[in-house]
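Visitor: I am new to this structure and would like a close look at one part of it. Please pick a strand, go through its surroundings, and then place it in the whole.

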Amino acid sequence: MDGMNSSPPGPERHADAVASTAWSRRLGLRVPLVNAPMGGVAGGALAAAVTAAGGLGMIGMGSAGSVPALHRELVHVRETEGRFGIGLVDWVVAAHPDLLDVAIAARPAMISVSFGTDMRWVERVRAAGISTATQVYSAEEAKRAAESGVQVLVARGSEGGGHGAVEQPLRPLLASVLEVVATPVLAAGAITTHADLAAVLAEGASGAWVGTCLAACTESLLAPSGRRALVAARGDDTIVTRAFDVGMELPWPTRFPSRVLRNPFAERWTGREDVLARDAHARADLAAATSAEDPAAVPIDAGTGVGAITAVRSVAEVIESLCATP
Ligand SMILES: Cc1cc2nc3c(=O)[nH]c(=O)nc-3n(C[C@H](O)[C@H](O)[C@H](O)COP(=O)(O)O)c2cc1C
């Protein structure tokens, strides 16, 4: 990976830290961690903090991703000298192809495009000397992505926060993906503790792709009310739904619902998304409530590991607790 392998390979095992992996050493990472490119949460400040803490920081351009937003966030990773990544959403790139152009021109170490089947982006990104990643939900999909030239596969279990297919829990998914591909595989879905991280590395993952447990950090773009909601939530407070996507008329493929914190809007419409699609008043109410930041209606993406968030902490503190032996 261009620009990422200048650090010395480092010891097999850092004192009091999780083992490094061949993949993390190749990238010059001190810890085998990537933050999930969380749209509206993982901006440049969070990415820069993850990189400073030894992982690979990713800027997330989610469903609201745009070229101006990407430019705004890139300012924060200038000092990382290319030690950052950018995560894009397939259908957003299809609508705004210049987003991929700007991402490539920023010369990150890694670009991920998830939630699609059109893999033409892979060749372009690789030709620019940038590593490629995508999230997969089954062994077959992992095989197809690897055959398309994707260099890093993210096995994303159904526990994960935000959008994703809800097909298999992480551990069986990870095992089945590792069986069929030779490329590095990162594990994603409710990795919130040192034990979670150590377990997936022991099973053969090259690292972890961590979302929810970094979402409430001081460096995230999340509004203070969203951080408070994450801190207050328990593990069983999440729900998988398409209600917000339908309510906001976002063209997310039906295969990728989102795991969010339960709130009255989600409770009311989950499973009745077809009714919501025909109810213009309910959708207008949602638009009004979200712009007023009404917690009864604002969607907050979170995985089942959300119960482990007990305080708003810095990225450095969270990564330290994930990596250091308790
Ligand atoms: C707040 C939030 C926003 C997310 N936004 C995106 C996104 O824009 N693009 C993407 O590829 N994945 C996104 N995801 C999904 C993550 O890539 C990843 O699958 C998930 O965070 C892993 O599970 P965890 O949250 O339990 O760690 C998001 C997840 C969260 C929690």
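Guide: Strand S1 (residues 33-35) and strand S9 run parallel and are joined by 3 bridges. Leu33 has Ala208 as its bridge partner in S9. The model is a predicted one, and S9 is a convenient place to begin reading it.

S9 covers residues 207-210, and both of its faces are covered. Gly207 and Trp209 lie on one side, Ala208 and Val210 lie on the other, and all of these are buried. This fits a general pattern: in a regular strand, side chains alternate between the two faces of the sheet.

S9 also pairs with strand S8 (residues 185-188), again in the parallel sense, through 2 bridges. Here Leu186 is matched with Gly207 of S9. The route from S8 to S9 includes helix H9 (residues 194-202), and the three elements make a right-handed β-α-β unit.

A second strand with both sides covered is S5, residues 131-136, where 6 of the 6 residues are buried. Ser131, Ala133 and Gln135 point one way from S5, while Thr132, Thr134 and Val136 point the other way. In general, strands of a sheet pair through backbone hydrogen bonds, either parallel or antiparallel. S5 pairs with strand S4 (residues 110-114) in the parallel sense, over 3 bridges. One of the matched pairs there is Met110 with Ser131 of S5. Helix H6 (residues 120-127) belongs with these two strands, as S4, H6 and S5 make a right-handed β-α-β unit.

S5 is also joined to strand S6 (residues 152-156), by 4 bridges, and these two strands run parallel. In this pairing, Val136 of S5 has Ala155 of S6 as its partner. The chain gets from S5 to S6 by way of helix H7 (residues 139-147), in a β-α-β crossover that is right-handed.

The loop between S5 and H7 contains Ser138. Ser138 counts as buried because its relative accessibility is 11%, and the cut-off for buried is under 20%. Setting aside neighbours within four places in sequence, Ser138 is in contact with Gln168, Leu173 and Val177.

Helix H5 (residues 97-105) brings the account back to S4 and H6. Its buried residues are packed against both of these, and also against helix H3 (67-74), strand S3 (84-89) and helix H4 (90-95). Leu99, Leu100, Val102, Ala103 and Ile104 are buried in H5. An α-helix has 3.6 residues a turn, so residues three or four places apart point the same way. Just after H5 comes Arg107, which has a positive phi of about 55 degrees.

Antiparallel pairing is found in another sheet. This one is open and has 3 strands in the order S7-S11-S10. Its edge strands are S7 (162-163) and S10 (238-241), each of which pairs on one side only. S7 and strand S11 (residues 258-261) are antiparallel and joined by 2 bridges. His163 of S7 is partnered with Ser258 of S11.

These parts can now be placed in the whole. The protein has 16 helices and 11 strands. Its C-alpha atoms fill a box of roughly 60 × 45 × 40 Å along the principal axes. A compact globule of 326 residues would have a radius of gyration near 20 Å, and the protein, at 18 Å, agrees with that. Of those 326 residues, 56% count as buried. The accessible surface is about 13,500 Å², and carbon and sulfur atoms account for 54% of this surface. As for contacts between residues at least 6 apart in sequence, 61% of them join residues at least 24 apart.

A last point concerns confidence in the prediction. The average pLDDT of the protein is 93, and 94% of the residues score at least 70. Residues 1-16 have a pLDDT below 50, although in the model this stretch has 33 contacts beyond near neighbours in sequence. Where pLDDT is low, the predicted coordinates should not be read in detail.

Terms used:
Residues are numbered from 1 along each chain as its sequence is written. This is a predicted model: local features need pLDDT of at least 70, side-chain atom pairs count only at pLDDT 80 or more; totals for chains, interfaces and linings use all residues. Side-chain values use heavy atoms; hydrogens and water are left out. Buried means under 20% relative accessible area, exposed over 50%, partly exposed in between (1.4 Å probe, protein chains only). Two strands pair if DSSP finds at least two bridges between them. A crossover is right-handed if, with the strands pointing away from the viewer, the path from the first strand over the helix to the second runs clockwise. The radius of gyration is taken over C-alpha atoms; the globule rule is 2.2 Å times the number of residues to the power 0.38. Contact means heavy atoms within 4.5 Å. Accessible areas come from the Shrake-Rupley method with a 1.4 Å probe; for residues, only the protein chains shown count as cover. pLDDT is the predictor's confidence in each residue, from 0 to 100.
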